Amino acid sequence: MAVKVKSQASHAGQTVKVPSTQAELDAAKRVLDKNNLARHLELKQGSATSRNTRIMLGKGGEVSGALIFSVKKGEREAEIDFYAVDPGKRAEGMGGALMRAFLAEMRGAGVSSVLVHPSCELHEPYYAHFGFKRLPPTGHEFYAMAKKL
Ligand SMILES: CC(C)(COP(=O)(O)OP(=O)(O)OC[C@H]1O[C@@H](n2cnc3c(N)ncnc32)[C@H](O)[C@@H]1OP(=O)(O)O)[C@@H](O)C(=O)NCCC(=O)NCCS
């Protein structure tokens, strides 16, 4: 399944999709690696699969962003586990397009809320921009934010 990102002047033609080849999954892991996140994925004993990964293709078709998620609570709650854009391609709208496509896909799949544990305080305004609200502390290493769909 591929979600065609709504065309916008600054990044028309970019596509968010399910990785369809091992090469795309490897490229998604490289994007995480450039953001020092791949090690965390391994520590969680997780892996990037076509089921739990969505990728953002840049204008040349190269994998430029990746979002890895899990779906819990009887398919009603999704959690963003890892989310990153290639450092050389940030602030060009790719992260936002990937996030919006992911949220739309989850809404369409019947998921009612999306959870994230941002890795630092600086990320709170970023997620708030997409409608996430901070939750009371739970004892988890990182604070949590959630968005109702
Ligand atoms: C977080 C990240 C994925 C964002 O990707 P990006 O391509 O730079 O994001 P975009 O340029 O598409 O910005 C998305 C939107 O967020 C907004 N935004 C950016 N920084 C913001 C901030 N600090 N506060 C509020 N809004 C912010 C942008 O204005 C944009 O808004 P719009 O889509 O409504 O125009 C990227 O910075 C990244 O890979 N960071 C390192 C890894 C990381 O920290 N991941 C998150 C871990 S919790």
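**Exercise 1. Determine which residues of α1 are buried and where they lie around the helix axis in this predicted model.**

Solution. In the predicted model, the buried positions of α1 are Glu24, Ala28, Lys29, Val31 and Leu32. These residues lie on the same side of α1, because the arc they cover around the axis is only 155 degrees. The face turned away from this buried side carries Gln22, Ala23 and Asp26, which are exposed. As to its dimensions, α1 comprises 13 residues, 22-34, and its first and last C-alpha atoms are 18 Å apart, close to the 18 Å expected at 1.5 Å a residue. Just after the helix, Asn36 adopts a positive phi of about 60 degrees.

**Exercise 2. State how β5 pairs with β4 and with β6, and identify the partners of Glu79.**

Solution. Begin with β4, residues 63-72: its pairing with β5 is antiparallel and extends over eight bridges. The two strands form a hairpin with four residues between them, and in the turn Lys73 has a positive phi of about 45 degrees. Next, consider β6, residues 113-116, which pairs with β5 in the parallel sense over four bridges. Glu79 of β5 can now be placed between its partners: Ser70 stands opposite Glu79, while in β6 the bridge partner of Glu79 is Leu115. Finally, seven of the nine residues of β5 are buried, so the strand is largely enclosed by the rest of the structure.

**Exercise 3. Establish the handedness of the unit that contains α3, and test whether the span of α3 agrees or disagrees with expectation.**

Solution. The elements β5, α3 and β6 make up a β-α-β unit, which is right-handed. For the span, α3 has 15 residues, so at 1.5 Å a residue 21 Å should separate its ends; the end C-alpha atoms are indeed 21 Å apart, in agreement. The buried residues of this helix are Met94, Gly95, Ala97, Leu98, Met99, Ala101, Phe102 and Met106. After α3 comes Gly110, with a positive phi near 90 degrees.

**Exercise 4. Describe the shell around the ligand by element, by composition and by nearest residues.**

Solution. First, assign the elements: β5 (77-85), α3 (94-108) and α4 (124-129) each contribute at least two residues to the shell. Second, classify the shell residues: eight are nonpolar, seven polar and two charged. Third, select the nearest of the 17 residues around the ligand, namely Arg90, Gly95, Gly96, Pro125 and His129. Gly95 thus links two of the exercises, as a buried residue of α3 and as one of the residues that come nearest to the ligand.

Key
Residues numbered from 1 in each chain as written. Predicted model: local features only at pLDDT ≥ 70, side-chain atom pairs only at ≥ 80, totals over all residues. Near = placed C-beta within 6 Å. Nonpolar A, V, L, I, M, F, W, Y, C, P; charged D, E, K, R; others polar. Expected span 1.5 Å × (residues − 1). Buried ≥ 20, exposed ≤ 12 C-beta atoms within 10 Å, placed from the backbone. Pairing = 2+ DSSP bridges. Right-handed = clockwise from strand over helix to strand, strands pointing away. Arc of directions from axis to C-beta.
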